[in-house]
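The following exercises concern a predicted model. Please work through each task before consulting its solution.

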Amino acid sequence: MVRMLPGPKSLLSKTLCSILIACATSSDSYCHGRANTWRLQQAVVKETCTNMTDQPCVELFFLFLKGENITFIAKVEAKDLLRKPNVKWFKGKWMDLASKAGKHLQLKESFERHTKPSNFGENISNLTMDSVPPFFWCDEASLTLLPQFYFATVREIKQQEEEPEVDVWELLKNANPSEYEKIAFQYGITDLRGMLKRLKRMRREVKKSAAFSKGLDPAYQVDKGGKVRFMVELADPTVELKWYKNGQEIRPSAKYIFEHKGNQRILFINNCTVADDARYYVTAGDEKCSTELFVRDPPILVTKGLEDTNTYVGERVELSCEVSEDDANVKWFKNGVELTNEPRSRYRIKVEGKKHTLIIEEAAKNDNATYSVMTTGGQSEAKLSVDLRPLKISLALEDQTVRLGQEIHLKCEISENVSGKWYKNGQLVEASDRVKIYHKGRIHRFIIASSAVDDEGEYMFVPDSGSPITNLIISPCSDPPRLHLDGLGEDNTVTVVAGSKLRLEIPITGEPTPKVMWSKGDKVHYSGRIRAETYPDSSCLVIDTAEREDSGPFRITLKNEAGEDTALINIKVVDVPDPPQAPNVTEVGEDWCTMTWEPPANDGGSPILGYFIERKKKQSSRWMRLNFELCKETTFEPKKMIEGVAYEVRVFAVNAIGISKPSMPSKAFVPLAVTSPPTLLAVDGVTDTSVTMKWRPPDHIGAAGLDGYVVEYCFEGTDEWIVANPELTDKTKFTINGLPTGSKILVRVKAVNAAGASEPRYHPQPILVKEVIEPPKIRLPRHLKETYTRRVGETVNLVIPFQGKPRAKVSWKKNGAPIDKNQINIRNTENDTIIFIRKAERSHSGQYDMRVKVENLEDKATIDIQIVDRPGPPEVVMIEDVWGENVNLSWKPPKDDGNAAITGYTIQKADKKSMEWFTVIEHYHRTSATINELVIGNEYYFRIFAENMCGLSEDATMTKESALIAKDGKIYKYPVYDDFDFSERPLFTQPLINTFAVAGYNATLNCSVRGNPKPKITWMKNKVIIMNDPRYRMFSNQGVCTLEIRKPSPYDGGTYTCRAVNELGEAEVDCKLEVKGKSFKSLQIKLSISQCNRRQLERLFHLFFMLKDQASLLFH
């Protein structure tokens, strides 16, 4: 049945459908015994169409011949149509047959200019009933599946309809969670988890905003490379608006364009990429409105589809297709079941850029199927047919001549494991007690244990599928075979160098000509790299490229009816030896090392003659030969290396054939030398049970550095040295404890580093372990023998060394009384005592007495500490006398001198009117002074500061009365003036003027204003205040106001206003700014190309590319 779906009403009355069915090679009754052409000139209209259109449609019923050609012809009478109609054929619900055009499907269309019919046919060859499609239809819109129907529709297409855009956000909102993966693959979503998180945020209830009268949509989507538009409406157009992407503020650029239209604020994002897929929000004051943007990748198309493939069982199969994007997500299916690229799967998926390949390593019969590939924008399918391979003869039967009574053994091998039958002279031979027939795998054997005269004849093996294999047996003749090995050496040994070619010829005799077989172990050699060549009087063993594995005995066997002969020939393949194992460095010195290695596991068939040694620095790639004469031993001592540099060594083995490959490098090692012995070893102290030694570091340490010291001792009269410190000490002083009192010991010290221990340094004399009393002695530093002075707040830290043994006791007193340890810290050691005051105060001043006592012996020392501060002010300052231009002052010293002597006074004066103080005298030592050269008519106050070693006193003492410097004569009376009122409201003395700016170059707007108090200046663009925008800079200097616009663009054009406001009022002035692009006047070039030579054209195109943004070129 063919169903015709009518188009518009104008076409319904003019549509005529006819179906052509051609029977090419059939005598079926449907074709009446000959190839006929059937045409149906008129169709029956039935209004039974559902789910497709409300108009009536045409249904046509047909019967098709199995395996024959079918042709559908859709004719459109288009006299009244304005243009040629567009026709598409579909199979099933979705498959566009234009993508399946090929050997089995041809689509043709013809068009006549006058009558305007359009023929668009579909040709299907070898169509079987199982593969007859459910229906065919011709349309541009998707229709509902109607099983077992064929239908077509022809419509006039005024304009190609675009596929409706799908909102992925809405799909995800309304979809079942089990369908998320399917939607992600279909629409190219790579970060599905991120999309679902953002979708969850979108579902939260959005509170009504006071700042936005209309906010952003919950989500937007755009195709990759497209343009998206965000728009909000503000309730207050003066509110400052900012756009953000993932928390980062968006600045205007070629990609991000801002636009203002009344209360609308619009953001355009051009050329969207995957990086623009993010969360966006806009802020207006404290209000925020957010949305999500999804950038969708374009659908992946199948540019080169799969092709039907035929192969054999066991072959490697590759099904390939190409898609429109590199590394796209592609799914493979076998009979509709998805294939995965798992490690244990028989199917392997390989991706190379746009090419995707499904690989089956060893095809089997169960791989017969329809394989398809699917992308987000298309699909393709192909059939794979796997058949059994045609049989081939691997080992054919050969003619044989045997003696009577000997065994007849026929053997053949075919390419597949199939059964068969044996025939003799065309008669079937069955297995019996005398005749044995064997079949194992691909090998078939026919054996007669004792031959007879009747066994002569032609034997043939016939597989169940394939051609027969024949063999002929003839009568015997007697001359036993013989090998002639006289030309071979002792033990039949032949030596050959690896890599060379061996051709070993062995003379043979025998009648009839014996059959020759060469074998090594169980392997028989007939062809390949190792092969046998047989001639009537000789046989050759040929090895093209000898390898070490070819060494061993080869057996040659001669057979004929008279007997057999055999011999073993030993082939010895000699080669360079294997590389030795990586050498070991056993000992390291300052510039040398000792290395050892094991001989190679295989000497290559020739004795090892010696070794070559190489070394290199670890960071280098250049190896250096160390010996030019072979080293016979497996040890070597490289020398002349640099201390502290890492080296590696390797070894080559040498035999008579050549030099082996190098061994693996040794582990990196560093030549290091031990240090020189420690110096100046001396006794630092002795007690009844211990001895303290001290020393100086070695004179030479070297690149290995110094890890520490080992102290050893032995008792006088013995040779056993005892280690005093189990762990290395890094100090140059050590105490040996636990010694018996009265014994004598010898002491030595060694320095240790990575290279080992140095030579020891011995103490020259035995040391008696007995404590010696040393009287106490205080070594008072020179600066403490005088008064030690510090200022208040400073730190006091005094270290007083002393001597005295054993166990000297130290005590302190201040002014004869014990020291308060809460205020003063005392720390004592064996050799010194420390007095520490973190923050000195004047109360810490005094005389400190120190005593060091050893048993009945004692030593004393006294330290005077003085803590000073700035003094207080003088007590009373009095004006003793005033005469002329002079004033005489007197005062009393301060009560508090700051614990230090007063070193002077500083006197200052101040006019009574201004009360600004000026220094008159500094560092004055007396308590009375006369101030001269005062201004007549002025009245003065005076004050005095006291001074000591810490500086001036914090306060000064001022005279209670002032001193008037009187003038003789009449007293002048100063006139009284009223204050002038300078208040004024803002007034622009120079207004703004309209300005034209060039895009990309800074522009400035200037005006001047006056007013008192100083007015506050505000700049506005289009009545919107300019705030915190780095593209604008505002200056105001001496009433001149300047607005600088950095590198403006046409977007910066508009009306700019300058507003001045103070307490008395405000004033405004505005101007218009127009920003023009970098352009020249329109340049039009009219030119005849045929009149220009090549040089003129080059100059013209050079000028065009220079001015392509500023000029328009017209070519004729």
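Three exercises with worked solutions follow.

**Exercise 1.** Determine which residues lie nearest the centre of the second largest pocket, and how its lining divides by class.

*Solution.* Step 1: the second largest pocket has a volume of about 1200 Å³. Step 2: its lining comprises 34 residues, and Glu-398, Gln-400, His-409, Lys-515 and Lys-559 lie nearest the centre. Step 3: among the elements that give two or more residues to this lining are strand 33 (408-414), strand 43 (515-520) and strand 47 (552-560). Step 4: by class, the lining has 14 nonpolar, 11 polar and nine charged residues.

**Exercise 2.** Establish what the salt bridge between Glu-398 and Lys-515 ties together, and classify the accessibility of Glu-398.

*Solution.* Step 1: the N to O distance of this pair is 3.8 Å, which satisfies the criterion of within 4 Å. Step 2: Glu-398 lies in the loop between strand 31 and strand 32, whereas Lys-515 belongs to strand 43, so the bridge ties together parts 117 residues apart in sequence. Step 3: Glu-398 has a relative accessibility of 47% and therefore counts as partly exposed, since this class lies between 20% and 50%.

**Exercise 3.** State the strand order of the open sheet of four strands and identify its edge strands.

*Solution.* Step 1: the order is 13-15-19-18, with antiparallel pairing. Step 2: strand 13 (212-214) and strand 18 (256-261) each pair on one side only, and are therefore the edge strands. Step 3: strand 18 is joined to strand 19 (residues 264-269) by six bridges, and Tyr-256 stands opposite Ile-269 in strand 19. Step 4: neighbouring strands of this sheet are turned by 30° against each other on average, direction ignored.

Note on methods
Residues numbered from 1 in each chain as written. Predicted model: local features only at pLDDT ≥ 70, side-chain atom pairs only at ≥ 80, totals over all residues. Heavy atoms only, no water. 1 Å grid on protein atoms, 1.4 Å probe; cavity = no way out; pocket = protein on both sides within 12 Å on 5 of 7 lines; lining within 4 Å. Points joined across faces, edges and corners; volume = space filled by probe spheres on them. Nonpolar A, V, L, I, M, F, W, Y, C, P; charged D, E, K, R; others polar. Pairing = 2+ DSSP bridges. Axes fitted to C-alpha atoms, helices over the stretch in contact; angles between N-to-C directions. Salt bridge = Lys/Arg side-chain N within 4 Å of Asp/Glu carboxyl O. Buried < 20%, exposed > 50% of the residue type's maximum accessible area, 1.4 Å probe, protein only.
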